[in-house]
Structure formats: structure tokens, C-alpha cells
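Me: Please take a close look at one strand, its partners and its surroundings. Then place that part in the wider model.

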Amino acid sequence: MAYRQYRTLISTVAQSARRTGLGSGASFTPACAVATGSSWSSHDHTKYLAAGAIAGLALLLKSTGTESECSERRFTLKEVAEKDGGPQSGGQILVTFKGGVYDITEFVASHPGGQSKIRLAAGKSLEPFWQLFPFHLEQAQVSELLKGMRVGALAESEQVAQVDSADPFSKDPARHPALILHSTRPCNAEVPAELLTESYVTPASLWYIRNHHPVPLVKEEDYKLKVDGRASGGFVVELSLAQLRALPAITLVATMQCSGNRRGDMNKVSKASGTSWGQGAISTAEWTGPRLSDVLRLAGVHSESEGAKHACFQAMDEMQASVPCGKALERAGDAILALEMNGEPLPREHGFPVRAVVPGYVGVRNVKWVNEVRLSQEEALGDWQRGLNYKILPPGLSSAEGVDLSTVPAMQEASVFSGITGAEGGEEAGLVDAKGWAWAGGGRGIARVDISADGGKTWKMANIVQGAGQPAGREWAWVFWEASGVVADGQSGEVEVISRAIDKCYNSQPENASHIWNMRGLGNNSWFRRKFQLE
């Protein structure tokens with residue numbers, strides 16, 4: 001150990017000093033003094049001895065670290081990940097922070113923010129979470145508390161991420177560890193319920209991810225957007241990123257949701273194909289960019305009455321999708337080519353350098369990495385538009401055999417949805433307080449959200465606490481709601497809380513998924529149900 005080695009060093013130097021007579025007033029002249037012809041006093045002997053000891057200590061510390069660091073256990077990331085608090089970990093929870101490894105098992109129950117949030121970091125790094133809640137980094141007591149839980153450090157080999165250049169997904173961006181990963185190649189990840197309503201505008205790092213292919217790498221100077229207006233009497237132009245940035249821009253807050261959100265609940269009726277999403281394939285951002293109609297005007301397109309029926313988007317990863325021309329060209333439709341997300345340039349993950357934002361429409365129509373916009377008499381080609389991927393068949397069909405898919409419309413405007421992100425016992429026994437979100441596509445907005453905790457026998461109207469007051473007919477973003485004093489079955493134990501949203505056209509969520517089940521598991525907007533354990 002470094003400290004013991006240092007003590008040995010000092011002892012050795014002292015013994016040497018006694019042997020040479022330094023301890024009894026004798027003197028010696030070191031080679032450096034002889035070589036330079038300089039004088040050497042007994043006072044210099046002491047300085048020489050001290051300097052040698054200090055230099056030796058510095059070398060030891062540099063090579064081995066402090067005694068506590070040297071004796072620490074070295075962990076691999078795999079070993080840390082295995083200690084996630086689950087049954088196979090024996091309930092132990094390890095986390096990392098700046099290369100250190102910490103055992104927070106006993107602290108979890110005392111976490112001021114609640115157990116559910118801190119457990120999101122189990123087996124992972126604290127840093128991405130503390131960037132979301134930066135007060136952890138600003139308070140000295142947090143750092144001191146963490147020091148007492150240190151049990152080791154990451155092995156040096158784990159400090160740098162390895163990249164496999166042969167893997168087409170190897171250059172994908174790093175993802176926030178709080179996201180629930182359903183797949184990595186390509187990446188499909190959702191927001192955990194505990195964080196879904198923490199911020200009205202979702203941080204970009206926590207946005208849900210729905211990819212079909214590797215994330216493109218794009219150089220700004222090489223980017224060109226092809227705009228083809230010939231189907232409406234226009235022409236073809238190519239625009240650079242600088243030219244797009246020079247156009248007048250608008251900013252809007254809009255929610256997007258994957259069409260398969262809550263497929264996991266639909267799977268409880270019967271297995272559907274696709275990712276088994278929970279409620280977290282939904283997020284909201286502030287988007288900035290030129291109106292799609294202004295971009296098309298540069299290609300000679302001035303109104304939808306000039307012939308074309310569809311605005312088609314093509315992405316750098318070869319994905320294609322389209323929306324009706326009316327939505328693309330009407331200013332009230334607010335369709336834009338987004339260049340910024342939450343006040344910053346678009347992240348690669350979410351469409352850099354250009355993303356189509358078609359507010360009120362299902363997520364797949366908001367195409368990322370757009371490099372071509374084309375007006376057409378026909379819908380976009382490909383499975384995302386014309387195939388079964390985003391078409392809903394009746395509940396009785398488990399196969400598309402014999403179905404003429406050209407007669408089944410692709411999903412466009414979204415329906416009405418809600419979710420529950422938290423619940424706890426109310427002020428009195430038998431009452432529950434709950435919170436969550438609701439969203440309606442098409443800009444229709446939410447009229448109300450009803451909450452029940454007794455199986456739907458009684459309902460309590462929730463209070464809309466964020467997102468009210470959006471422009472009528474252009475309510476592109478979700479609302480957050482809270483409900484207090486909801487009557488529950490029983491006074492303690494497990495309770496199932498239900499949410500039911502109604503939009504301003506008075507469309508209501510259906511009671512169960514069996515009536516809307518489809519083989520692709522799309523559009524599940526049945527009553528949202530979530531069980532909570534109340535004390």
C-alpha cells in the first residue's frame with residue numbers, strides 16, 4: 001500500500017542517514033555538488049533528505065494512488081449492472097459516479113425523491129440522472145453522503161467505450177440509462193413512467209426512441225434537401241442547411257407518440273406483433289423551423305388546389321411516409337421542417353439535421369433525417385405507408401391474407417389517450433391521489449380526464465395542471481392532470497387506478513382493448529389501468 005511503502009521509504013532513508021553519519025554531525029557531498037563545484041552544508045543534508053522522501057512519495061502516489069484507492073475492488077460494468085436490486089442480485093444495488101462504484105442498497109428507502117426514481121439508476125451511472133436533477137451536483141452534503149457508500153472503482157478498461165467499426169450501429173449516439181430499452185439494433189426505447197410527467201417539455205436525452213435503422217451521420221456542409229413541387233405545377237430545388245435556417249421560422253410545442261404505444265396492454269388480450277411498449281413511447285418538445293408550406297413555395301407550390309394530394313417525406317435511412325397535402329400546406333396545420341428541438345440544434349437521435357414535424361399526427365409521419373420532400377398524386381411507397389405496418393385491421397383477423405391493403409387507410413391523425421404516472425394514499429383512508437397525462441391528436445385538445453379507483457363504479461374529474469389554454473383547434477401538446485380524493489376499493493393494499501380521457505370533440509377512450517385489438521397492436525387507447533401498492 002502507498003502509505004506503508006512511504007513509511008518504509010522514510011525508515012530506509014533514516015537508516016542510511018545514520019550509517020553515513022548524518023545523524024551525528026558527519027557530512028557528505030553528493031555527486032551533483034562535486035560535479036558543479038558547489039559547497040554543501042549540513043543544512044543541505046536535511047533538505048536533500050526531505051526532498052528525496054517527498055519525491056519518492058510523489059512517485060508512489062502517481063503509480064499506485066492513495067492507500068484506500070489502491071486497496072479498492074475493481075468492478076466491470078457487467079458486474080455493476082448485475083447489482084440492480086433484482087432477485088438475482090440479492091437486492092443489492094450498485095451505481096457508478098465518476099469512475100467510482102457505490103453501494104446504495106441501504107440508502108434507497110431513505111431517498112428524499114422516493115424509491116422509484118433512484119431505482120432507475122440501479123446498476124447504472126448516476127451522472128445522466130444528476131444532469132436531470134442538477135441540485136445533486138451542487139450540494140456538498142450529497143457528495144459527502146455518497147463517499148460513505150463507496151465500495152470500489154471501475155476497472156480502467158471500462159472507462160472508455162469500445163466501438164466496433166464493423167457494426168453498422170456502432171456509431172449510434174449514447175442513450176440515457178433511464179430509458180427502458182426494448183432493442184438496441186435498431187434502438188427502440190421508452191420513458192419510464194416515473195419520469196414521464198417530471199417535465200412538461202421532455203428533455204431531449206429522455207425522449208422516446210423509435211428507430212428502424214442505424215442513426216445517420218451527417219456533415220452540415222454536405223447536407224442538401226431536395227424539394228419536388230412538380231405534381232402541383234412547380235419545379236425541383238435543392239436547399240442547403242444554411243438556406244433553410246435563413247427562412248422565417250416558427251416555434252411550437254407538440255407531442256409525438258409511437259402508434260404502438262401500450263401494445264404491451266393489448267398483448268394481454270392476445271399477442272400482437274411488434275415491440276411490447278408500455279405507456280412511455282410518448283414525449284413532448286418545443287420544435288423550431290420553417291413552415292413546410294414556405295419551403296414548398298420555393299419549389300413553385302402556392303396552394304393545395306394545384307393537383308397533388310400527398311406530401312411525401314424521404315429519410316436518409318430510406319424510410320418514406322406521407323401526409324395529406326392539406327395538412328402540409330395549410331398554415332393552421334403548423335407542419336414544419338424542424339431544425340431545433342428544445343432550443344438546441346436537433347440531436348442526431350431525433351432527426352439532425354432536418355425532421356418533419358406534423359403535429360397531431362401519429363409518430364411515424366414525423367419523419368426524421370429528411371432529405372427529400374415531394375408532392376405526389378400517390379401516397380409514399382414502402383411498408384410504413386402502404387404496407388400493414390401502420391394499418392389497423394378488425395379484431396377478428398390474425399392474418400392479412402386475402403385483405404386488399406390498398407383499401408385500408410394508413411394511420412394519420414392520432415386518437416385520444418391518457419396514462420397514469422403516480423398514485424398514493426389520500427388524506428383519508430379509502431381515498432387515492434393520482435397524477436398523469438392525456439393527449440388528443442388532430443389538435444382537438446382534452447376536454448376532461450376522469451379517474452376511478454373502484455373499477456369504474458365512481459369517477460372523479462381530474463384537474464388539468466399543465467397544458468391548458470392552447471389555441472383552439474391547434475392543441476398539439478399533451479396536458480398533465482392531478483386528481484385528489486378518488487374513492488378506492490378497500491383502505492390499504494393494492495389498488496387499481498383507471499384514467500379515461502375525453503377530447504373536445506367528445507371522443508372518449510374505450511373501456512377495454514378487446515374491442516380495438518388488432519394484429520399489429522396499434523392505437524391502443526383503451527382505459528389506462530395501473531396497479532399501485534398503498535400503505
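Reply: Strand β12 (residues 310-315) and strand β13 (residues 320-324) run antiparallel and are joined by 5 bridges. Two strands count as paired if DSSP finds at least two bridges between them. Strands are DSSP runs of E with at least two residues, helices are runs of H or I with at least four, and both are numbered from the N terminus. The model is predicted, so local features need pLDDT of at least 70 and side-chain atom pairs count only at pLDDT 80 or more, while totals for chains, interfaces and linings use all residues. Residues are numbered from 1 along each chain as its sequence is written, and side-chain values use heavy atoms, with hydrogens and water left out.

Across the β12-β13 pair, Ala311 faces Val323 of β13. The hairpin has 4 residues between the strands. Glu318 lies in that loop. Its phi is positive, about 75°, although Glu318 is not a glycine. Glu318 is also exposed, at 53% relative accessible area. Exposed means over 50%, buried means under 20%, and partly exposed lies in between (1.4 Å probe, protein chains only).

β12 has another partner. Strand β18 (residues 370-376) pairs with β12, again antiparallel, over 6 bridges. Here Gln314 stands opposite Glu372 of β18. Strands of a sheet pair through backbone hydrogen bonds, either parallel or antiparallel.

Is β12 itself enclosed or open? Of its 6 residues, 6 are buried, so β12 is largely enclosed by the rest of the structure. Side chains of a regular strand alternate between the two faces of the sheet. In β12, one side carries His310, Cys312 and Gln314, the other Ala311, Phe313 and Ala315, and all are buried.

Now the wider chain. There are 14 helices and 26 strands. Of the 535 residues, 48% count as buried. Contact means heavy atoms within 4.5 Å. Among contacts between residues at least 6 apart in sequence, 70% join residues at least 24 apart.

Confidence comes next. pLDDT is the predictor's confidence in each residue, from 0 to 100. Its mean over the chain is 86, and 83% of residues reach 70 or more. Residues 1-69 stay under 50, and the model gives them 45 contacts beyond four places in sequence.

Other sheets follow. One open sheet of 4 strands has the order β10-β11-β15-β16, paired antiparallel. Its edge strands, β10 (250-257) and β16 (344-345), each have a single partner, so one side of each lacks a neighbour in the sheet. Strands β11 (282-289) and β15 (340-341) are linked by 2 bridges. Thr288 has Glu340 of β15 as its bridge partner.

Another open sheet has 3 strands in the order β5-β6-β7, also antiparallel. Here β5 (180-184) and β7 (209-210) stand at the edges with a single partner each, so one side of each is left without a neighbour in the sheet. β6 (187-190) and β7 share 2 bridges, and Asn188 stands opposite Arg210 of β7. The loop between β5 and β6 holds Pro186. The Arg185 to Pro186 peptide bond is cis, with omega near 0°.

Arg210 also appears at a cavity. On a 1 Å grid over the protein atoms alone, a cavity is a set of points where a 1.4 Å probe fits but cannot get out; a pocket is an open set with protein on both sides within 12 Å along at least five of seven lines; lining residues have an atom within 4 Å of a point. Grid points are joined across faces, edges and corners, and a volume is the space filled by probe spheres set on the points. The structure holds 1 cavity of 30 Å³ or more. The largest cavity encloses about 200 Å³. It is lined by 18 residues, and Arg210, Arg355, Gly363, Val364 and Lys368 are the closest to its centre.
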